[in-house]
Amino acid sequence: MTSEEIRLLAKEADSRLDSVHSSESLEAFRVDYLGRKGRVTRLFEQLKTLSPEERRLLGSSLNELKNSLEKKLEAKVSSLSPPPRGREGFFDPTLPGLRPPQGRLHPLTQTIREITALFERLGFEVVEGPEVETEFHNFTALNIPPDHPSRDSFATFYTREERERESPFLLRSQTSTVQIRVMQKRKPPLRIVAPGRVYRPDQVDASHSFMFHQIEGLMVDEQTTFSELKGILHLFLRRLFGPETKIRFRPHFFPFTEPSAEVDVNCFLCEGRGCSVCGGKGWIELLGAGSVHPAVFEQVGYDAKRVQGFAFGLGVERIAMLRHGIPDIRLFFENDLRFLRQF
Ligand SMILES: [Zn+2]
């Protein structure tokens with residue numbers, strides 16, 4: 001026996017241990033090297049035949065080999081044994097699965113996406129704008145004069161620090177602000193719809209909230225007509241409420257459109273006979289619309305003599321409430337899963 005022999009045996013054992021991948025072959029390995037007739041054990045027996053000097057020298061190398069093999073064997077055992085049973089680390093593929101609760105889109109998000117998708121099919125582009133706005137975008141540019149009641153601090157949320165300054169910031173009270181922002185940046189022709197949140201300091205009740213959603217539409221070109229506006233809204237409302245839907249325009253006043261109209265659809269619940277939803281009128285008020293006022297075009301630098309346009313705006317909550325028979329606007333914002341799961 002030589003120290004070279006011991007070195008080779010250690011090397012061979014290492015490479016063989018690398019190819020061990022089951023507890024059976026690991027046991028075979030153990031018996032082969034460290035068992036009672038194992039190769040290392042046999043070398044220990046040979047020690048007796050050597051001189052005391054050689055015995056000391058080779059004996060210590062043999063001990064080292066034996067210890068290191070035992071350590072490696074132990075490490076291999078724990079790497080081969082299955083992970084501990086329990087909640088972690090053990091996977092039983094035969095157990096029925098734990099299904100994570102499935103999320104869904106909020107009914108208002110669904111309504112917004114449905115409506116904007118309808119307008120996208122009519123060639124409108126979806127645009128969004130900031131919720132914190134300037135007085136210019138929310139009022140001045142929309143031809144709302146300084147003494148208009150909607151500018152009062154009890155009709156609009158102003159940011160407190162800015163109230164005293166020359167041009168205060170506010171939470172937009174309508175999505176018409178996006179019209180102004182788009183027209184300031186781009187030239188006609190334009191076809192946009194702008195969905196988003198708006199804010200008004202209203203007392204919260206079944207039909208009012210201090211925050212709600214609107215969708216604003218705007219079309220500007222060299223020539224647009226009121227009949228185009230009517231046609232687009234009729235197409236849109238029929239897709240939303242069914243092919244039998246009738247609409248009517250009632251004259252109205254908005255500062256930013258002239259002429260202006262409120263648009264009603266026939267009550268789909270009572271079919272015009274009158275019920276509590278339509279207040280006995282047979283018609284449901286749905287949106288406001290009109291031809292863009294020349295003063296608005298002037299505010300954004302358009303030549304009011306060379307372009308025409310129309311705009312319309314609708315409340316998302318109102319449409320969702322009508323379509324799903326939801327009696328109270330507060331249900332949208334209470335995060336009650338019993339309500340939200342129904343959509
Ligand atoms: Zn009705």
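**Pockets and sheet of a predicted model**

Reader: How much space lies in the second largest pocket?

Author: The structure shown above is a predicted model, and the space in question belongs to its second largest pocket. Among the 17 residues that line this pocket, those closest to its centre are I112, E128, G196, R197 and H213. The space that lies in the second largest pocket comes to about 370 Å³.

Reader: Which element gives the most to the lining of the second largest pocket?

Author: The lining of this pocket divides into 6 nonpolar, 6 polar and 5 charged residues. At least two residues of the lining come from each of α5 and β4. With 5 residues, the element that gives the most to the lining of the second largest pocket is α5.

Reader: What is the volume of the largest pocket?

Author: The lining of the largest pocket is made up of 47 residues, and R200, F212, Q214, E285 and G315 are the ones that lie nearest its centre. Two or more lining residues come from each of the elements α7, β5, β6, β7, β8 (283-292), β9 and α10 (316-324). The volume of the largest pocket is about 1300 Å³.

Reader: Which element gives the most to the lining of the largest pocket?

Author: In this lining, the residues divide into 22 nonpolar, 18 polar and 7 charged. One element gives the most, with 6 residues, and that element is β8.

Reader: In what order do the strands of the open sheet stand?

Author: The open sheet is formed by 7 strands, and their pairing is mixed. The strands β1 (125-126) and β6 (247-254) each have a single partner strand, so they stand at the edges, and one side of each is left without a neighbour in the sheet. Read from one edge to the other, the order is β1-β4-β5-β9-β8-β7-β6.

Reader: Which residue in β7 stands opposite I247?

Author: The strands β6 and β7 (residues 257-266) run antiparallel and are joined by 7 bridges. A hairpin through 2 residues leads from β6 to β7, and F254 has T257 in β7 as its bridge partner. For I247, the residue that stands opposite in β7 is V265.

Reader: About what angle does the direction of helix α5 make with that of β5?

Author: Helix α5, which takes in residues 107-121, packs on the sheet and touches β1, β4 (190-199), β5 (211-221) and β9 (308-315). Helix α7 (residues 176-185) also packs on the sheet, touching β4, β5 and β9, and its direction makes about 40° with that of β5. For helix α5, the angle with the direction of β5 is about 5°.

Reader: Which residue in β5 is the bridge partner of V193?

Author: The strand β4 pairs with β1 in the parallel sense over 2 bridges, and E125 stands opposite I192 in β4. Towards β5, by contrast, β4 runs antiparallel, and 10 bridges join the two strands. In β5, the bridge partner of V193 is G217.

Reader: How many residues of β7 are buried?

Author: The strand β7 pairs with β8 in the antiparallel sense over 8 bridges, and the bridge partner of T257 in β8 is V292. The strand β7 is largely enclosed by the rest of the structure, because its buried residues number 8 of the 10.

Reader: Is V316 buried or exposed?

Author: V316 has its place in helix α10. Leaving aside neighbours within four places in sequence, V316 is in contact with L108, T111, I112, H213, Q214 and I215. Its relative accessible area is 0%, and a residue counts as buried under 20%, so V316 is buried.

Reader: What distance separates the C-alpha atoms of V316 and K66?

Author: Along the chain, V316 and K66 are 250 residues apart. In space, the separation of their C-alpha atoms is 80 Å.

Reader: What is the relative accessible area of N138?

Author: N138 lies in helix α6, which takes in residues 135-138. Not counting residues up to four places away in sequence, N138 touches I144, L170, R172, S173, Q174 and T177. N138 is buried, and its relative accessible area is 0%.

How values were computed
Residues numbered from 1 in each chain as written. Predicted model: local features only at pLDDT ≥ 70, side-chain atom pairs only at ≥ 80, totals over all residues. Heavy atoms only, no water. Pairing = 2+ DSSP bridges. Helix = DSSP H or I, 4+ residues; strand = E, 2+ residues; numbered from the N terminus. Contact = heavy atoms within 4.5 Å. Axes fitted to C-alpha atoms, helices over the stretch in contact; angles between N-to-C directions. 1 Å grid on protein atoms, 1.4 Å probe; cavity = no way out; pocket = protein on both sides within 12 Å on 5 of 7 lines; lining within 4 Å. Points joined across faces, edges and corners; volume = space filled by probe spheres on them. Nonpolar A, V, L, I, M, F, W, Y, C, P; charged D, E, K, R; others polar. Buried < 20%, exposed > 50% of the residue type's maximum accessible area, 1.4 Å probe, protein only.
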